[in-house]
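Here's a quick briefing to read alongside the model. Have the viewer open and click through as you go.

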Amino acid sequence: MSGPDGPEIDLRDRPLNMAVYRIMKYAIWGVFRAWNRISVDGLANLPDGPCVWVPNHRSYIDTPIHAAIPARMRVMGKDSMWKYRFPGWLFTTIGCFPVNRDAPDRAALRTALDALTHGDCPVVMFGEGERKDGPRVLPLMEGPVYLAARAQVPIVPVGIGGTAAAMPRGAKFMYPRRIKFIIGEPMDPPPLGPSGRASRRAIRELTEELRERIQALYDQAQADAGTPNVH
């Protein structure tokens, strides 16, 4: 959220938060590396500054596996995860921020926009919304492209393969299945018009192009993880 002079102090950047963040990041990364042989392709496509990072979403572990990415990620999470004080503090510390999925959440959009315009980290947005099933990337929400246009930052399509096999819907624990990240080439945001905003048509068309790119990356990631999509 922003104050009168810019974004408020981000508690996630205080020494205690950063220490906890680093410990958790490397611990989680170590578990996934040993248990799921997680690997990442396309790291050269990771921008140096802020970007909107848009992966497919097939498992509850799609958020924690981002510990494998060598950048601090800001991740939108459903607001119910902040119901209790300590878990909420922990989620905030590792870079998450809450979003209300039941209604347009202007506060979450402002927080995401602040992270993009005043920070230097990728903001992760699962464009399909909640977790989905199956080999097809479903139509994306326009929020990721809209935010990228507002902040004029790149959009990074990402394919995540193997997580549905590692922890399918209803599973109580994680199976030792291979997981693969593939980071696609960044896409330029829609240009701003004379009004200072991108046109709805440009946002809609780029959102569909983004979906197609994520689909291709998802298919490749699934094949590399040994769980190929069957369309």
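Let's start at strand β8 (residues 155-161), which runs antiparallel to β9, with four bridges joining the two. Keep in mind that this is a predicted model. From there we'll go through the strands, the charged pairs, the cysteines, the helices and a couple of odd backbone angles.

**Around strand β9**

- On the β8 side, Gly 161 has Lys 180 of β9 as its bridge partner.
- Strand β3 (residues 39-41) also pairs with β9, this time in the parallel sense and over three bridges.
- Within that parallel pairing, look for Val 40, whose bridge partner in β9 is Phe 181.
- Is β9 (residues 180-183) covered or open on its two faces? Both faces are covered: Lys 180 and Ile 182 are buried on one side, and Phe 181 and Ile 183 are buried on the other.

**Salt bridges**

- How many salt bridges does a search of the whole structure find? It turns up eight.
- One of them pairs Arg 58 with Glu 128, and their closest N and O atoms are 2.9 Å apart. This pair links distant parts of the chain, 70 residues apart: Arg 58 sits in the loop between β4 (51-55) and β5 (74-78), while Glu 128 is in the loop between β7 (122-124) and α4 (143-151).
- Both ends of that bridge are tucked away: Arg 58 is buried at 3% relative accessible area, and Glu 128 is buried at 6%.
- Another joins Arg 200 to Glu 142, with 3.3 Å between the closest N and O atoms. Arg 200 belongs to helix α6 (residues 200-224) and Glu 142 to the loop between β7 and α4, so the bridge ties together parts 58 residues apart in sequence.
- Here the surroundings are more open to view: Arg 200 counts as exposed at 56% relative accessibility, and Glu 142 is partly exposed at 27%.
- Inside helix α6, the side chains of Glu 208 and Arg 211 meet in a salt bridge of 3.0 Å, N to O. These two are three residues apart, about one turn of the helix. That spacing suits a side-by-side pair, because residues three or four places apart in an α-helix point the same way.
- Glu 208 is partly exposed, at 35% relative accessible area, whereas Arg 211 counts as buried at 13%.
- There's a network too: salt bridges with shared partners join Asp 41, Lys 180 and Asp 224.

**Cysteines**

- How many disulfides does the structure hold? Zero.
- Why no bond for Cys 51? Its sulfur is 9.4 Å from the closest cysteine sulfur, the one in Cys 121, and that is too far. A disulfide needs the two sulfur atoms within 2.5 Å.
- Cys 121 is in no disulfide either, as its nearest cysteine sulfur is that of Cys 51, 9.4 Å away.
- Both cysteines are buried, Cys 51 at 0% relative accessibility and Cys 121 at 10%.

**Helix α3 and a nonpolar patch**

- Helix α3 (residues 106-118) has 13 residues and should span 18 Å at 1.5 Å a residue; its end C-alpha atoms are 18 Å apart, so the two agree.
- Which residues of α3 are buried? They are Ala 108, Thr 111, Ala 112, Leu 113, Asp 114, Ala 115 and Leu 116.
- On the surface, Leu 16, Phe 86 and Trp 89 make a nonpolar patch of about 340 Å².
- Leu 16 comes from helix α1 (residues 15-36) and counts as exposed, with 56% relative accessibility.

**Positive phi angles**

- Most residues other than glycine have a negative phi, so the next two deserve a click.
- Arg 37 has a positive phi near 45°. It is found in the loop between α1 and β3 and counts as partly exposed at 46% relative accessibility.
- Gln 152 isn't a glycine either, yet its phi is positive, about 55°. This residue is in the loop between α4 and β8, where it is partly exposed at 39% relative accessible area.

Methods
Residues numbered from 1 in each chain as written. Predicted model: local features only at pLDDT ≥ 70, side-chain atom pairs only at ≥ 80, totals over all residues. Heavy atoms only, no water. Salt bridge = Lys/Arg side-chain N within 4 Å of Asp/Glu carboxyl O. Buried < 20%, exposed > 50% of the residue type's maximum accessible area, 1.4 Å probe, protein only. Patch = residues over 30% accessible without salt bridge, like charges linked within 9 Å, V, L, I, M, F, W, Y side chains within 5 Å. Areas by Shrake-Rupley, 256 points an atom, 1.4 Å probe, with all protein chains shown as cover. Pairing = 2+ DSSP bridges. Expected span 1.5 Å × (residues − 1).
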